[in-house]
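The paragraphs below walk through a structure step by step, beginning with the surroundings of one residue and ending with a whole chain. Please keep the view open while reading.

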Amino acid sequence: MSEALTFKPAAQLSDMLGRGALSSVELTQAVIDRCDAVDDKVGAFLYRDSEAALAAAKDSDERRHRGEALGPLDGIPVGLKDVICLKGQPLTCASKILERFISPYDATVTSRLKAAGAVLYGKLNMDEFAMGSSTENSGFLKTANPWNLTCIPGGSSGGSAAAVAAGELPLTLGSDTGGSIRQPAALCGVVGMKPTYGLVSRYGLSAYASSLDQIGPFARTVEDVAMILEVIAGHDSRDSTSWKTDIPNYRVQLREGKDSWTIGIPKEYFGEGLDPEVREAVEKAILFYEGRGATLKEISLPHTDLAVSVYYIIATAECSSNLARYDGIRYTSRAENPADGVDLYRKTRGENFGPEVKRRVILGTYVLSSGYYDAYYLRAQKVRTLIRNDFMSEFDAGVDVVLTPTSPTPAFKLGERTDDPLKMYLADIYTICTNLAGLPGISMNCGFNSNGLPIGLQLIGKPFGEADLLKVAHQFDASHDFNEATPEL
Amino acid sequence: MAEAPSNIDIDYVAGLARIHLTPEEKETFSVQLGDILHYFDKLNHVDVSGIEPTAHAFPAYNIWQEDVAEPAFAPGEALLNAPEQRQNQVVVPKVVEDA
């Protein structure tokens with residue numbers, strides 16, 4: 001009973017809570033039991049406070065009994081990637097340098113979820129400081145793909161994706177800088193969305209690359225994503241890049257179908273390196289949309305091939321600056337017996353950062369250093385303009401959404417790419433452009449390969465075009481039952 | 001534009017980044033970062049003349065806010081995560097030379 005319950009979409013759970021067919025305490029206990037039963041195998045969580053979650057669930061039930069339920073998320077358990085602040089609980093960013101850090105405040109998304117009555121449960125594993133594509137760069141724990149425990153869950157929000165796939169939580173939040181929500185969603189067979197840059201406040205999100213980072217949800221269905229996005233989106237004066245825009249009722253708008261979409265299919269995303277089974281599943285999805293009356297348009301995004309280079313220059317440059325704050329002075333970990341002040345910085349960072357963080361901070365320092373700034377950083381920012389222009393000119397020419405595979409391959413084996421950072425970077429090749437251009441993107445399951453591993457379909461929308469993007473995604477998601485499949489654990 | 005080098009003075013850059021590296025890390029990172037810089041070479045073949053750089057996808061300028069005092073952390077909360085503290089202050093190593 002409890003296992004079946006924790007695999008239900010959040011919208012169904014919300015209806016059950018509303019009808020009195022389920023209490024939040026029952027639901028939260030089922031989630032806790034499920035985590036107790038399977039998380040030794042999956043490794044999605046870095047921290048769980050079951051007592052606090054049950055107390056929040058009890059509050060939710062009491063509100064509901066008084067007729068004061070706060071909305072559809074009231075009483076629903078939600079997990080946070082461990083890069084998002086939750087007051088009084090640890091925030092490690094999966095890094096030893098923050099091993100004993102306790103959040104002194106709530107992120108804006110956290111306070112919005114609390115205000116909506118959500119039961120916050122757990123800090124989820126990730127690549128250290130969100131740098132990685134497999135969650136193997138966590139300083140603490142390996143997370144397994146629930147569909148095959150010898151495979152990676154994707155990254156960097158691997159814990160957030162795996163928790164939903166394993167039926168441990170109905171909803172989680174992650175962050176996406178170059179694909180860190182969409183790629184693990186694809187590899188774990190769940191829905192994951194990166195909103196437009198500026199739609200969701202970054203206040204209380206530990207920064208990796210500030211011009212690219214965006215918080216977004218994981219869920220079992222597109223409808224569930226719409227339900228939580230409504231709560232977390234919207235202007236926040238505490239984030240100066242937060243955009244002033246009206247937030248529509250995304251979930252209600254899903255019902256307002258429209259069949260006359262123009263869907264752009266970029267040829268650059270279907271070339272060399274695309275796994276044949278991934279191609280086949282994505283092409284089936286294209287046929288589905290054609291059958292529903294969509295106009296398919298072959299398009300070209302000619303600068304796609306440059307995106308990985310541009311991303312790893314801009315993101316590492318920004319992270320070298322953002323991570324300068326971890327100097328051994330204010331944040332928990334400090335090296336012993338330094339020779340002097342500078343040695344304290346060097347030793348603290350050398351002892352506590354993992355290899356990928358060191359690599360990226362050093363690379364970012366290099367591309368910003370005197371003599372190389374113009375050759376790398378400035379040039380990458382100019383090519384970023386070209387990548388953005390590629391998308392905008394197609395949207396101007398009538399394309400509503402762009403359809404691509406999310407990842408060139410299904411989940412690869414744990415350990416397969418850890419010694420080859422460049423090969424690992426290429427796992428993000430289909431997701432990076434969206435961040436560089438600031439666009440919204442969503443990944444959902446569109447089938448399984450012959451080894452039973454999920455395959456992700458990505459849709460990319462116009463700036464602040466989340467309502468349309470969700471409608472197009474929902475059309476596919478609601479007509480297929482891929483999201484009902486559950487892994488054996 | 002000057003051709004970007006495909007190797008990196010790892011001691012110099014790690015020094016700028018304030019990261020202590022072991023000899024093994026220096027060796028591994030030099031090779032890996034060399035490969036990555038070599039991969040970046042493809043950017044040199046793009047014509048970017050006349051193209052404006054993008055720092056943010058949706059540039060927003062001059063975000064003003066009223067200067068209103070709001071409740072802030074009490075000293076105990078602000079110092080919650082300090083490695084070492086004394087008299088409501090973070091303790092740091094001595095950084096000035098003896099006279």
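In this predicted model, a good place to begin is A:Ile460, which, leaving aside residues up to four places away in sequence, touches A:Phe391, A:Phe395, A:Asp400, A:Val401, A:Val402, A:Thr404, A:Thr434, A:Leu439, A:Pro440, A:Gly441 and A:Leu469. The residue belongs to strand E11 of chain A, which covers residues 454-460. With a relative accessible area of 0%, A:Ile460 counts as buried, because the cut-off for that class is under 20%. A further residue to locate from here is A:Cys433, which lies 27 residues from A:Ile460 in sequence, while the two C-alpha atoms are 9.9 Å apart in space.

A second position in chain A can be read in a similar way. A:Ser180 sits in the loop that runs between strand E4 (171-176) and helix H7 (182-188), and its relative accessibility of 6% places A:Ser180 among the buried residues. Its contacts, again without residues up to four places away in sequence, are A:Lys81, A:Ala130, A:Gly132, A:Gly155, A:Ser156, A:Ser157, A:Ser175 and A:Phe218.

Turning to chain B, one finds 3 helices and 2 strands, which follow one another from the N terminus in the order α-α-α-β-β. The radius of gyration of chain B is 23 Å, whereas the globule rule gives 13 Å for 99 residues, so the chain is more spread out than a compact globule. Along its principal axes, the C-alpha trace of chain B spans about 55 × 45 × 30 Å. Of its 99 residues, 28% count as buried, and the chain exposes about 7,100 Å², of which carbon and sulfur atoms supply 52%. Chain B also carries 5 positive and 17 negative charges, whose mean positions are 10 Å apart.

Within this chain, helix H2 (residues 23-40) deserves a separate look. Its 18 residues should span 26 Å at 1.5 Å a residue, and the C-alpha atoms at its ends are indeed 26 Å apart, so the expected and modelled spans agree. Which residues of H2(B) are buried? They are B:Glu25, B:Phe29, B:Gln32, B:Leu33, B:Gly34, B:Ile36, B:Leu37, B:Tyr39 and B:Phe40. These buried residues pack against helices H11 (307-322), H13 (355-368), H14 (373-396) and H15 (421-425) of chain A, together with helix H1 (10-16) of chain B.

Conventions
Residues numbered from 1 in each chain as written. Chains lettered and ligands numbered in written order. Predicted model: local features only at pLDDT ≥ 70, side-chain atom pairs only at ≥ 80, totals over all residues. Heavy atoms only, no water. Helix = DSSP H or I, 4+ residues; strand = E, 2+ residues; numbered from the N terminus. Expected span 1.5 Å × (residues − 1). Buried < 20%, exposed > 50% of the residue type's maximum accessible area, 1.4 Å probe, protein only. Contact = heavy atoms within 4.5 Å. Rg over C-alpha atoms; globule rule 2.2 N^0.38 Å. Areas by Shrake-Rupley, 256 points an atom, 1.4 Å probe, with all protein chains shown as cover. Lys, Arg positive; Asp, Glu negative; His and termini not counted. Charge placed at Lys NZ, Arg CZ, Asp CG, Glu CD.
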